[in-house]
Structure formats: structure tokens, C-alpha cells
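Let's take a walk through a protein model together, one spot at a time. Keep the sequence and the 3D view handy as you read.

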Amino acid sequence: MKSIVVLVSGNGSNLQAIIDACETSIHDGKVTAVFSNKATAYGLERAKKAGAAAIFIDPKAFETRDAFDYALMQQIDEYQPDLIVLAGYMRILSNEFVRHYLGRMINLHPSLLPKYPGLNTYQRAIHAGDEEHGTSVHFVTEQLDGGPVILQARVPIFDEDTVETLTKRVQSQEYRIYPLVTQWFVEGRLEMKEGKAFLDGQPLGMHGYADE
């Protein structure tokens, strides 16, 4: 069995999509533990219902971000993770943490990277008058939202769209592509090397799989 550890800060809807996919798929990946920096994160309840360890670590108990990340890293490693999945984890990770899991940690960012790294991506896309928006699954590197893209999903932006309606449209795609990328990794089809994402031994383009 391949051990998947998920980090969440909130509701954990993408976590649920991955849990559901693991339970219905023929691959041998399983969410073994879910960690959160928020005691009230509903993602922890989702973990308990799925039979995974649900662990809250309080950032306020540590003097520095590095100290918190080191403690988090030590507890994660008890589950011998093959893959770390960031699912709405709202903390910037220390460089040491990223290097420790380099090549086996993925993130989901709500934009068509490299466009709109950082926060407020829906608002930025609407204000810019963009015709489309989307979401990107990428490997995590020390550059914020700058790791190689694995897979993207694109959705249209309509004139009447608000942040809420666009968010809902994008999230419906996230629930499809994040479990798929997780499956690729668990099955040994996906890897990061030489600073690039490779699927089935072939390097992926700037926008990931099926890059046009």
C-alpha cells in the first residue's frame, strides 16, 4: 500500500475527493493521515470518518515557522508517506520542509499557472477581463506556486460571473483532476526530475499534461 498524507486548513473538499477515489480505485493508495494547523478544520472530521489519523498541530505552540514545520515533518514521517498532498493548506512551507519532500509533494493552485500565483486568483482573473480561468496541480518546490505543472483544468469566465460562481465552477474540476494526479503518482507513472514533471517517462510542457 502507498501511504498518502494530506495537509489541510479548512473544509477539505478536495481531501474528500481523494479519499473517495482511493476507496473506489483499483490502485493501492490510501490516505493514512491528515494534518491541520486549524483545530476546527472540517478536513479532520473527514479523516476520522475515513479511518485515517486526524492530527492537529498548533502553530502557536512554536516560536518560529521553522520549528513548527520541523515538528510537523517529524510526525508526518511516522506514517512513511509516499506522497504528500496539500489540499487547501494555508501556510507557506519552510524551505527545509519542501526539500525534505521534494518530488513527492503536490499542491493544487486555483489559477492557470504560471498565471496568478499567490492569493485572490478568482478576483484577479475577473478584474483582468480574462475569458478563462482554471486550476493547476503542480509539484511543490521552494518557489511559491512555481513548481512544475502536472495537469490543469480550464473553465470559461462569463460576463455575469462573481468570485463565488467562478469558484464553484473551478472547484468542480478540481475534484476530478486532483484524484487523477494522485493516482498517477501512486501508480508510479508520475515523477519529478531535472526540475520537470514526467508522466510515463515523457516530460510535460509548461502547462502540464495535454499542453497545447
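Start with the largest pocket, which is lined by 36 residues, and look for Gly-88, Tyr-89, Met-90, Asn-107 and Leu-108, the ones that lie nearest its centre. A pocket here is found on a 1 Å grid over the protein atoms alone: it is an open set of points with protein on both sides within 12 Å along at least five of seven lines, and lining residues have an atom within 4 Å of a point. The volume of this pocket is about 940 Å³, where a volume is the space filled by probe spheres set on the points, with grid points joined across faces, edges and corners. Helices α1, α4, α5 (121-127) and α6 (163-186) and strand β5 each supply at least two residues of the lining. The biggest giver is α6, with four residues. These labels come from DSSP runs numbered from the N terminus: helices are H or I runs of at least four residues, and strands are E runs of at least two.

Before going on, know that this is a predicted model, in which local features need pLDDT of at least 70 and side-chain atom pairs count only at pLDDT 80 or more, while totals for chains, interfaces and linings use all residues. Residues are numbered from 1 along each chain as its sequence is written, and side-chain values use heavy atoms, with hydrogens and water left out.

What does the UniProt record say about this chain? Its unreviewed entry has the annotation "domain: Formyl transferase N-terminal" for residues 3-181. That span is 36% helix and 24% strand, and its end C-alpha atoms lie 15 Å apart. The same kind of record, an unreviewed UniProt entry, places the feature "active site" at His-109. UniProt positions are given in the numbering used here, feature names are shortened, and annotations may be inferred rather than shown by experiment.

So find His-109 in strand β5 (residues 105-109). Is His-109 buried or exposed? His-109 counts as buried because its relative accessibility is 5%; buried means under 20% relative accessible area, exposed means over 50%, and partly exposed is in between, using a 1.4 Å probe and protein chains only. Leaving aside neighbours within four places in sequence, His-109 is in contact with residues including Tyr-116, Thr-135, His-138 and Asp-145, where contact means heavy atoms within 4.5 Å. The His-109 side chain also reaches the backbone oxygen of Tyr-116 at 2.8 Å.

Now step back along the chain to Arg-104, in the loop between α4 (95-100) and β5. With a relative accessible area of 25%, Arg-104 is partly exposed. Not counting residues up to four places away in sequence, Arg-104 touches Pro-81, Asp-82, Leu-83, Ile-84 and Phe-185. Its side chain reaches the backbone oxygen of Pro-81 at 2.8 Å.

Pro-81 turns up again among the contacts of Ser-3, along with Asp-82 and Leu-83. Ser-3 lies in strand β1 and is buried, with a relative accessible area of 5%. A polar contact of 2.8 Å joins the side chains of Ser-3 and Thr-32; a polar contact is a pair of N or O atoms within 3.5 Å, and within protein one must be able to donate a hydrogen and the other to accept it, while residues adjacent in sequence count only if both atoms are side-chain atoms.

Next, helix α2 (residues 42-49), where the buried residues are Gly-43, Leu-44, Arg-46 and Ala-47. Seen down the axis of α2, these fall within an arc of 155 degrees, so they line one face of the helix; the arc is that of the directions from the helix axis to the C-beta atoms. An α-helix has 3.6 residues a turn, so residues three or four places apart point the same way. The buried residues of α2 pack against β1 (2-8), α1 (13-24), β2 (29-36) and β3 (53-56). Turned away from that buried side are the exposed residues Lys-48 and Lys-49.

Last stop: Leu-204, in the segment after β10 (202-203). Leu-204 is buried, with a relative accessible area of 16%. Its C-alpha atom and that of Ile-150 are 54 residues apart along the chain, yet separated by 7.0 Å.

Notes:
On a 1 Å grid over the protein atoms alone, a cavity is a set of points where a 1.4 Å probe fits but cannot get out, and a pocket is an open set with protein on both sides within 12 Å along at least five of seven lines; lining residues have an atom within 4 Å of a point.
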